[in-house]
Every structure is written in structure tokens, then in C-alpha cells.
Amino acid sequence: MDALIKLFKEWSGAEPSQIEKLPGAGSNREYYRITMAESAVEKGLPKSVIGCIGTSRDENHAFIYLTRHFTKRQLPVPQIMSVSSDELRYLQTDLGAMSLFDALRGGREAGGRYNEEERLLLMKTIRELPNIQMRGARGLDWSNCYPQPEFDQDSVLFDLNYFKYCFLKPAGLDFHELKLEANFRMLAKDLTAESCDAFLYRDFQARNVMLSGPDSTPYFIDYQGGRRGPFYYDLASFLWQASARYPDKLRRELIAEYYDSLKNYTEVPSERHFMEQLDLFVLFRILQVLGAYGFRGYFERKRHFIDSIPPAMTNLRSLLTNSTVVDAYPYLKEVLSGLCNLPQYAPKEETVVSRADGYKTTDTNVYKPHPMDGPATFSKYDGKGPLVVRVFSFSFRKGIPEDESGNGGGYVFDCRSTHNPGRYEPYKQLTGLDEPVIRFLEDDGEITVFLKNIYKLADAHVERYLQRGFTSLMFSFGCTGGQHRSVYSAQHLGEHIHQKYGIEVRICHREQGINSILPAAVISNNEGK
């Protein structure tokens, strides 16, 4: 510690005002936030820096070299401020205290129900990953990587055996070592068959992404174990992080974002090949982390890693159920299936608790999502069909139209922000169904912009209701008198929905006493033959 303080004083020319040790994770490296004295800040120095004390000169050297290389490439990483002569200590810029892992806490605690703000942070981060993988690899001297310069079969077999000895054997499952070793070698060969000159981050997870600045820009840290290798590895590492509990739908969206971003940096394989390779690395990554959790949890008795085992087993169980990637390694599949069926790793059943008031509840997370976003969205109203859409125009002076279906009333839109033809004498006796009023509104343009946004919302809602077999959906448009803008909007939305989806639409211009039905399209018996 004295040597780190000395390094700080030599760099800043001032005494530190405060030193705070930061929480450690899986590494033996120690990190400290060193706060600058006021006098030093006034001279232009930062308010604080992060000091690191490492136990391996080679590991520190790898981080220092990679950071300087990435900084030259203008990648989002911390900057190295000063390094000791033996490279066991260094100072880097302080990116703050908010990691992506911290920012996503609410979604994790809700069982994987991430809100829009959290999803946008994930999207922003995953789109930045190909930047460091592909641009970061350009001109990089791989000999500086630690502990080895390249992802190869030996490193794969090391991790697979790590899983075998630190997780599989302690689990108490009997298996044939030679048969398993043969499948391990097949898997190692397949994982390294595709050549790729990307920077493999190797420990890309939410804890290693810091959010800095007013825009919460993602910055990458702890990449000292990186090496040359395939880009699939980091995507699998991030999206199948056990504690994150990302639902399948969100994973698919993030994979699509990554694939789209990757196109900006290199020629991408076909989507089918990309997904097949990704599944292969998901399998490998799950086994790898189980090995790490076994060692850190069962042998070192670190609670965080023990707690991470159940969600990691959930990932493994899901992969065995939903992917055919393990079929190529039949004995490995047999062993993993046996592992999932061990009592200590079996999924926990919900415990129903009866209350004195007669209601029932459970002692598990109420936000528990379905893996494929299925039953969690269904209800007793599903599958009735067919859908009928009712669209109303009305005057706010006379109240919002009553919902006769009993399902709650749907959407109500206020048209009064748009230009009102009713203010002008030529249109006062006309309605939104008359050609002069239609021309007035469309030439003005405000109403078309207004409806453009509503069409998107309505389309999404109609499509979802059709999927679920719901029977009733209601849209209402109100304006001052229920004569011009609301009538135009209701008529056009009704016709839009009928034309696009061919379902029955009932249009009611309440204040005008005008009703019409656009019948459902008749499907010919010969259609599709």
C-alpha cells in the first residue's frame, strides 16, 4: 500500500486526501479510490483516480499494454495515468461507482423483467462490444496477452477439465472419464475450427462495464485476460451471465443488435451459421462458469459464487431443452442431463401458502418469467376470437364513449392539439367525412403526423390481440365538438385497420349519429391451394 501511495504522490505532486478500498470480486487484485486534495484539483488534476495493486506482473503488464493500445484506438476504456517500475501498481482514471451490473439491479430482482431504461443500457452496451473486439484487434501485439495470446484447443480443454474436477466430481455424479474426455476433445476442436482475428475479451460481463458521464456511456474494464479469438465467446459470456436472468425474448433482441453492429466492422456470417456457432459457445461458457463457481464456491466458500450456481444450472437446463447443439456430443449430453437431474440442482417447486383471508400466494418471486414468454402473458380471455374493433369519434363536452364490452375501454386520443377547421365559416356545417374538410386537414398536415404515430400503436395492439384470440378492442377520438378532427381520425383509423388486417371494424361518429360496419374479409376455401 505504501508503494501505491508513493506512486500517487510522484504522479500528482500532492498528498491524497482520502483512500477507499473498493470491494473485490473474483480476482486477487486490490483496487483503491484515491481522492485528490483540493489544491491539486484546482491545478487541473482529476478529483480522484483508481489505484491497483496486482500480484502478477504479467497480468498487470497485459492490462497496461491493452489499455494503452485501446486508448490509441479511441475505445471506451480507462486511461493509464502512471505505472510503477515493476508494473505491480498503476493508476488509472476513475470512471465512477456505477457499473452496468448495478444499474440493472431492478431487472434482476424482478426475475428478469427489465424496464425500458435498463433495456436501452443493454442495447447501448452490446452495440459497443464489436467496436472493442474488431477495432481493438487491429495492430495489437498478441504476445502481450496473458496468460496466453490465443484461444486454442489447449485452453478449451483446460476449462472443460476445470468444470470436470471443480464442479462435476464434487457434485457426486458417476461418469466414464475416457468417454467424457473424447467428447471434450470433439467440442474443443469444433470451438476452434473457425479462424477469427477478433479481440476476445474473455470476461465480458455487466460487472466489467462502467457507466460514466451524464449519458451513462459504457466503458470497459478488466480485460487483462483477453486474447485473439472468436467474437461469439464474449456475446455468450454476456448474455448467459447466470445472475442476469435475461429472458429469451430480450436475449434475442440483444443478439440482433450485436449482429447488426458487427456488420459495421467486419463481414458477418449468415444468421443461421452465426446462431449455430453462438449456441456452441453458450454450451462451452456455461460449463466454464460452472467450473469457476464450483472452485470459488465449493472450495473457497465464497457465497456469491454459491448463489450463482442455481441460475447457471437453469441456463444449462434451458440449453439442453431448446437447442440441438449438445446432440453432437452424445456422452456429454448424457452426463449433463444426469447433472441437471441431481436433487441439489433440481428446479425448486413453488410453495403455495394459504392465508387466513382465504387467498393463496407463493413464497417465490412473483415476477418469475416464462423462458419463451408464453404462458405468463395468457389469461382466461385468450382464444375466444374473432376480434372486433370499435372506433368512436366524440365531443369531450359530452363525455368519453361508454365501453359496452366490459373490457375497460381501450385507447382515448385527444385531437384538440391539431388545427381545427371548425374555426372557419366554410367548414362549420361540414364534418370530417366531407371532402373539403379532409383536404383542409391533410393540406395542413398536423392530423397526418398525429395519426402516423397512432397507427403504429394501434397496429401493435391489434396484432397482439389477434395472436391471443381476444374479441374486443376500442379506440376513441375526441375533439371540441366531435365533428371535424375526431371524425376524420376515427374514420381513417377504422379504414386503416380494416384494410390491413381484414377484421370487422365498427365505426361510430357519436355526435353525428353516423354508424357503419366494415365487415370481416371472407377467406376463400381455395386460398393457398
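What percentage of the 529 residues of the chain count as buried? In this predicted model, 48% of the 529 residues fall into the buried class, and the legends below take up selected places in turn.

**View 1. Overall architecture of the chain, with 17 helices and 16 strands.** The C-alpha trace spans about 90 × 65 × 60 Å along its principal axes, and the radius of gyration of the chain is 30 Å, where a compact globule of 529 residues would have a value near 24 Å. Among the contacts in the chain with a separation of 6 or more, 70% come from residues 24 or more positions apart.

**View 2. Helix H9 (residues 232-239) and the elements that cover it.** H9 is largely enclosed by the rest of the structure, because 8 of its 8 residues are buried. The buried residues of H9 are Tyr 232, Tyr 233, Asp 234, Leu 235, Ala 236, Ser 237, Phe 238 and Leu 239. The cover over these buried residues includes helix H4 (100-103), helix H6, strand S6 (198-200), helix H10 (248-262) and helix H11 (271-299).

**View 3. Leu 122 of helix H6 and its surroundings.** Leu 122 counts as buried, with a relative accessibility of 0%. When its neighbours within four places in sequence are left aside, Leu 122 is in contact with Leu 100, Leu 104, Phe 238, Tyr 246, Leu 250 and Leu 254; of these partners, Phe 238 is itself one of the buried residues of H9. Leu 122 and Phe 396, by contrast, are separated by 274 residues in sequence and by 42 Å in space, C-alpha to C-alpha.

**View 4. Gln 224 in the loop between strand S8 (217-220) and strand S9.** Gln 224 has a relative accessible area of 9% and is therefore buried, the cut-off for that class being under 20%. Not counting residues up to four places away in sequence, Gln 224 touches Arg 29, Glu 59, Ala 62, Phe 63, Leu 66 and Tyr 146.

**View 5. The salt bridge between Arg 228 and Glu 150.** The two side chains meet at 2.4 Å, taken from N to O. This pair links distant parts of the chain, since Arg 228 belongs to strand S9 (residues 227-229) whereas Glu 150 sits in the loop between helix H6 (116-135) and helix H7 (153-168), 78 residues apart. Arg 228 is buried, with a relative accessible area of 18%, while Glu 150 is partly exposed, with a relative accessible area of 35%.

**View 6. Two further salt bridges, Asp 86 with Arg 89 and Glu 177 with Lys 169.** A search of the whole structure finds 33 salt bridges, and these two pairs are shown as examples. The side chains of Asp 86 and Arg 89 meet at 2.8 Å, N to O; Asp 86 is partly exposed, at a relative accessible area of 30%, whereas Arg 89 is buried, at 16%. In the other pair, the side chains of Glu 177 and Lys 169 meet at 2.7 Å, N to O, and both partners are partly exposed, Glu 177 at 30% relative accessibility and Lys 169 with a relative accessible area of 38%. Salt bridges with shared partners join Lys 164, Lys 169, Glu 177, Glu 181 and Arg 185 into one network.

**View 7. The crossing of helix H15 (residues 435-444) and helix H17 (residues 485-501).** Two packed helices are described by the angle between their axes and by the distance between those axes. The axes of H15 and H17 come within 11 Å and cross at roughly 85°, which means that H15 is roughly perpendicular to H17. On the H15 side, Ile 438, Leu 441 and Glu 442 meet Arg 485, Tyr 488 and His 492 of H17. By class, this contact of H15 with H17 has 3 nonpolar, 1 polar and 2 charged residues.

**View 8. Ser 476 in strand S14 (residues 472-479).** Ser 476 counts as buried, its relative accessibility being 0%. Residues up to four places away in sequence not being counted, Ser 476 touches Phe 392, Phe 394, Pro 401, Tyr 411, Val 412 and Phe 413.

Definitions and conventions:
Residues numbered from 1 in each chain as written. Predicted model: local features only at pLDDT ≥ 70, side-chain atom pairs only at ≥ 80, totals over all residues. Heavy atoms only, no water. Salt bridge = Lys/Arg side-chain N within 4 Å of Asp/Glu carboxyl O. Buried < 20%, exposed > 50% of the residue type's maximum accessible area, 1.4 Å probe, protein only. Helix = DSSP H or I, 4+ residues; strand = E, 2+ residues; numbered from the N terminus. Axes fitted to C-alpha atoms, helices over the stretch in contact; angles between N-to-C directions. Parallel < 35°, antiparallel > 145°, perpendicular 65-115°, else oblique. Contact = heavy atoms within 4.5 Å. Nonpolar A, V, L, I, M, F, W, Y, C, P; charged D, E, K, R; others polar. Rg over C-alpha atoms; globule rule 2.2 N^0.38 Å.
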